[in-house]
Amino acid sequence: MTDTGREVADRMAEAALTWLDSLDDDQRTVAAGPPPGTGEAERTRWFYTPTDHGGLTFHRQRPAQHRLVLRLVASGLSEAGYTTVATLLGLENVLDLVEGFSVNWGRERTRDPGMYYLRVFGEPGGPRPWGWRFGGHHVSLNYLVVDGRVAATTPCFLGADPAESPLLGGATLRPLGAAEDLARDLVRSLRPELAARAVLLDRAPDDIVTGNDPRIDDRVILRSELWRPGPHTPDRAGSPATGLHGADREAVALSPSPKGVPGAELDATQRELLRALLGTYLDRVPDGVSPLPRYDEPAALDAVHLAWAGSTTAGEPHYYRLQGPRLLVEWTNVQRGGNHAHAVWRDPETDFGGDVLAAHHASYHQR
């Protein structure tokens, strides 16, 4: 039997080393970060807004190096995941059109498919843990490799603005459409008593509840925290990112016991929908490192809770989350009248591989 997790890690290491070897000294100073376990405040600092994500941008690289960046990105994604990410990068050009090519935040270009950042932490392929982060507007990919295997693939954030765009021949571009449609089909299929428990609030939060907090808890995330400090922080920076206060905020806040309806109370058809919905998140990464097979076990699917906020009518603002052991998925499509989607997959126990890294260091120092 092949060790797919190790094979994925080997592909990542080879791609990362090839990219690093292509850089000059000035580029490498920006591209290389400290090994995991040191400088963790930066490795675990992540964003999904069009801000400085930390690392080397496409703008500071030659076209051949761009290709090497994308080769590393592809090593951490399934084919469908890579196609989706590549589409989201190009969607910046569509967003520029939607905004009339007029948004100006004081830099040469605001909506910019060249403003995506890559940083490698530690020495790829070496005996010590290493990792990498790729991100920019609406993309944040975070990986950790420990003992030659992929140990963490979260947080994994994808967003789309616009969420829906016209194509020739009457077709529509919806890069994250399945994650929306399956969830809506599921919540609308619930019998009334279950629907009443699943829908936490008739209004959707403006953004995902956990924002870009490195740790998953019930802390209120401010808009300003979604941006690296600098001149481009948006208006209302001191207000909650969700736009919710008081009882509304409490209704959708995370809690130790998941809110909503558990998979255990769904019928067979609904359980199939729930697992397919999980697949739109967990299948972003290669099969060998995806936890989706875990949910072939009935007990694992039983423990996944679905919660919803906002309208269940297509095209109207809404939010949902899936929460269970080692799982938190959040989705929101609220801004631009319900045409701006955010979708994040997280592991509450080991985002950024924190527990795996701690266990490795404890074992290493005992030798």
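The C-alpha centres of domain 1 and domain 2 lie 24 Å apart, and I should say at once that this is a predicted model. The contact between the two draws on 36 residues from domain 1 and 28 residues from domain 2, where domain 1 runs over 4-154 and domain 2 over 172-349 of the protein chain.

Let me stay with that interface for a moment. The area buried between domain 1 and domain 2 comes to about 2500 Å², with carbon and sulfur atoms giving 62% of it. On the side of domain 1, the residues that lose the most area to domain 2 are Trp46, Tyr48 and Thr154, which together make up 25% of what that side buries.

Turning to the polar part of the interface, the search finds three salt bridges between domain 1 and domain 2, and it also finds twelve residue pairs in polar contact there, with both residues of each pair at pLDDT 80 or more. As for the elements involved, α1 (4-21) and α5 (79-98) each supply at least two residues of the side of domain 1 that touches domain 2, and α5 provides the largest share of that side, namely seven residues. By residue class, that side of domain 1 divides into 13 nonpolar, 17 polar and six charged residues.

Now to some individual positions, beginning with Ile208, which sits in the loop between β10 (199-201) and α8 (246-252). Is Ile208 buried or exposed? Ile208 counts as buried, because its relative accessible area is 0%, and the cut-off for buried is under 20%. Leaving aside neighbours within four places in sequence, Ile208 is in contact with a set of residues that includes Tyr48, Phe157, Tyr319, Trp331 and His342. Tyr48 we have already met, as one of the domain 1 residues that lose the most area to domain 2. The C-alpha atoms of Ile208 and Asn333 are separated by 9.4 Å, although the two residues are 125 residues apart along the chain.

A second position is Thr153, in the loop between β6 (149-152) and β7 (156-160), which is buried with a relative accessible area of 9%. Again not counting neighbours within four places in sequence, Thr153 is in contact with Asn142, Tyr143, Val285, Val289 and Trp345.

The third is Asp351, which lies in the loop between β15 (341-346) and α12 (354-365) and is buried, with a relative accessible area of 10%. What does Asp351 touch, if residues up to four places away in sequence are not counted? Its contacts are Thr154, Pro155, Ile216 and Arg346. With Arg346, Asp351 forms a salt bridge in which the closest N and O atoms are 2.6 Å apart, and Arg346 is buried, as is Asp351. In addition, a polar atom of the Asp351 side chain lies 2.9 Å from the backbone nitrogen of Asp347.

I will finish with the salt bridges, of which a search of the whole structure finds 24. In one of them the side chains of Arg223 and Asp206 meet at 3.3 Å, N to O; both residues belong to the loop between β10 and α8, 17 residues apart, and Arg223 is buried, with a relative accessible area of 15%. Another joins the side chains of Asp213 and Arg219 at 3.2 Å, N to O, and here Asp213 is buried, with a relative accessible area of 7%, whereas Arg219 is partly exposed, with a relative accessible area of 38%. Finally, salt bridges that share partners join Glu42, Asp52, Arg119, Arg133 and Arg228 into one network.

Terms used:
Residues numbered from 1 in each chain as written. Predicted model: local features only at pLDDT ≥ 70, side-chain atom pairs only at ≥ 80, totals over all residues. Heavy atoms only, no water. Domains from an automatic or database assignment. Contact = heavy atoms within 4.5 Å. Buried area = accessible area lost by both parts, 1.4 Å probe. Salt bridge = Lys/Arg side-chain N within 4 Å of Asp/Glu carboxyl O. Polar contact = N/O pair within 3.5 Å; in protein donor to acceptor, adjacent residues only side chain to side chain. Helix = DSSP H or I, 4+ residues; strand = E, 2+ residues; numbered from the N terminus. Nonpolar A, V, L, I, M, F, W, Y, C, P; charged D, E, K, R; others polar. Buried < 20%, exposed > 50% of the residue type's maximum accessible area, 1.4 Å probe, protein only.
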